[in-house]
Amino acid sequence: MSEPHPRTVVVLAAGEGKRMKSSLPKVLHPLLGRTLLGHVLNAAEPLVAQRTMVVVGHGADQVRTHLAEVAPESTAVFQAEQLGTGHAVRIALEAAPEATGTVVVLNGDVPLLRPETVRALVAAHEGEQAAATVLAAQVPDPTGLGRIVRDDAGRLRQIVEQRDASPEQLTIREINAGIYAFDATRLREVLGKLSTDNDQGEEYLTDVFELLVAAGEPVAVHLAADHTETLGCNDRVELAALRRLLRDRVNERWMRAGVSLLDPATTWIDVTVALDRDAVVDQNTQLQGGSVVGSGAVVGPDVTLIDTVVHAGATVLRSHAVGAEVGPGASVGPYAYLRPDSRLAEKSKVGTFVEVKNAEVGAGAKVPHLSYVGDATIGARANIGAATIFVNYDGVNKHRTVVGEAAFVGCDTSLIAPVEVGAGAYVAAGSAIATDVPPGALGVTRAPQRNIDGWVARKRPGTVSAQAAERAVQSASSEGSAAREGEAIHGTAESVGTAAEAGDTATE
């Protein structure tokens, strides 16, 4: 068995991207879970290259920081002046003099490129022992793109940039994708011969092919099966178009894998998300980062999950979750907010207008509505009444609240941390609990109710409230009088009846 070819990947990421009109380097703009550059680096991963060189220029420090996060094994090579793609590859190879075998050159703004397409390009290049191979595509509209110019035998003659093309060459729809495989030795020999005799005054990497053809070296063209893989991005309109294309590709893959997407056009799933078979994703849903949705779970409509795990059979409806975990069969929403480190156990419930942060909700426990649960542990089968507030912050530090198994917390209660409500304990509605409630006890802090009669008439005379109160008093007074008259008449009738009965008895 022959030894595998050594490989070097060079990614061109030095351009400013002026048409993006952004302080962020073009290659760092996000697209469904990765940056443009991140997508390109991912496409190159299957090559198992000995080294990956990323040529940086505009926003170099930002790009270096990003590479340290997503591709720490890569090497950033600084191109102080952007003097063309040929110049960029030359300085990359100068930084890696030990590189031999195959050099793969990728543009940093081609995020739809598939790993299998890169593998096929390199396999064709190495199989044919070509000096250089270009990835090409047949496109509906080649405007602005370099053209593949072939000879009468169909062999590559040259690659011509749009600005340098003749009227006849502009009619060609086979375009250069800006993705290449080279023999390292031959590439080094030719790079030094590049000139700047063109419209831009730059060293074009594409001129390498014409020089190799002139030298009688074998060059090849590898045609991409799907031209959309070769689409680049120059402004935000094109970025949005790429986002839609990638959305459709991702959604189709999940549907064919057994996931139900009820409205794919409004469903946005990052490439980093994982979905199990028979998961259901309803309309207007965004699944981002490292989110996972389990089998039989229903997510949506109107849900955003960021780095959140939803286990099998759970339901998340019209809610927002970040860094949370929703247990098997649990229920969230509508209109709930799960903040980082929220953990919902099996068959628990977090309902309408509930916010949870850094808290554990035990199996079967319920927080049905209008509550804030922060820095807390809620035991299994506990019930948290509406408008309960876990008061976790004293102005300086956060403190934790513990609610025991099967405890019951009444509505409109404040649990002032640090505090513990024991297993099976009850807390009366409207209480502010600042000391522990023992297991099985009732915690209550309500003061006795006091009513001040006539307060509205004295303090708010003439208001609609005073008028309504006066009518109610008058109505109650009238009803009271009628009731007293009825009792009097009833009493007289009873007396008459008793007398008659007595007479009858006497007669008998």
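**Domain interface and a buried glutamate**

User: How many salt bridges are found across the interface of domain 1 and domain 2?

Analyst: This is a predicted model, in which local features need pLDDT of at least 70, side-chain atom pairs count only at pLDDT 80 or more, and totals for chains, interfaces and linings use all residues. Residues are numbered from 1 along each chain as its sequence is written, and side-chain values use heavy atoms, with hydrogens and water left out. A salt bridge requires a side-chain nitrogen of Lys or Arg within 4 Å of a carboxyl oxygen of Asp or Glu. Across the interface of domain 1 and domain 2, the number found by this rule is 0.

User: What area do domain 1 and domain 2 bury between them?

Analyst: Domain 1 spans 7-230 and domain 2 spans 260-443, with bounds from an automatic or database domain assignment. Buried area is the accessible area (1.4 Å probe) that two parts lose on being put together, summed over both. Carbon and sulfur atoms carry 66% of the area between these domains, and the total is about 380 Å².

User: Which three residues supply 94% of the area that domain 1 buries against domain 2?

Analyst: In this interface, 4 residues of domain 1 are in contact (heavy atoms within 4.5 Å) with 5 residues of domain 2. No other three residues supply more of the area that domain 1 buries there than Leu-32, Gly-33 and Arg-34.

User: Which side chain of opposite charge is nearest to Glu-161?

Analyst: Glu-161 lies in the loop between β9 (156-160) and β10 (174-183), where strands are DSSP runs (E, at least two residues) numbered from the N terminus. Glu-161 is buried (under 20% relative accessible area, 1.4 Å probe, protein chains only). Glu-161 has no salt bridge, and 4.6 Å away is the nearest side chain of opposite charge (Lys and Arg count as positive, Asp and Glu as negative; His and the chain ends are not counted), that of Arg-163.

Note on methods: Helix = DSSP H or I, 4+ residues; strand = E, 2+ residues; numbered from the N terminus. Buried < 20%, exposed > 50% of the residue type's maximum accessible area, 1.4 Å probe, protein only.
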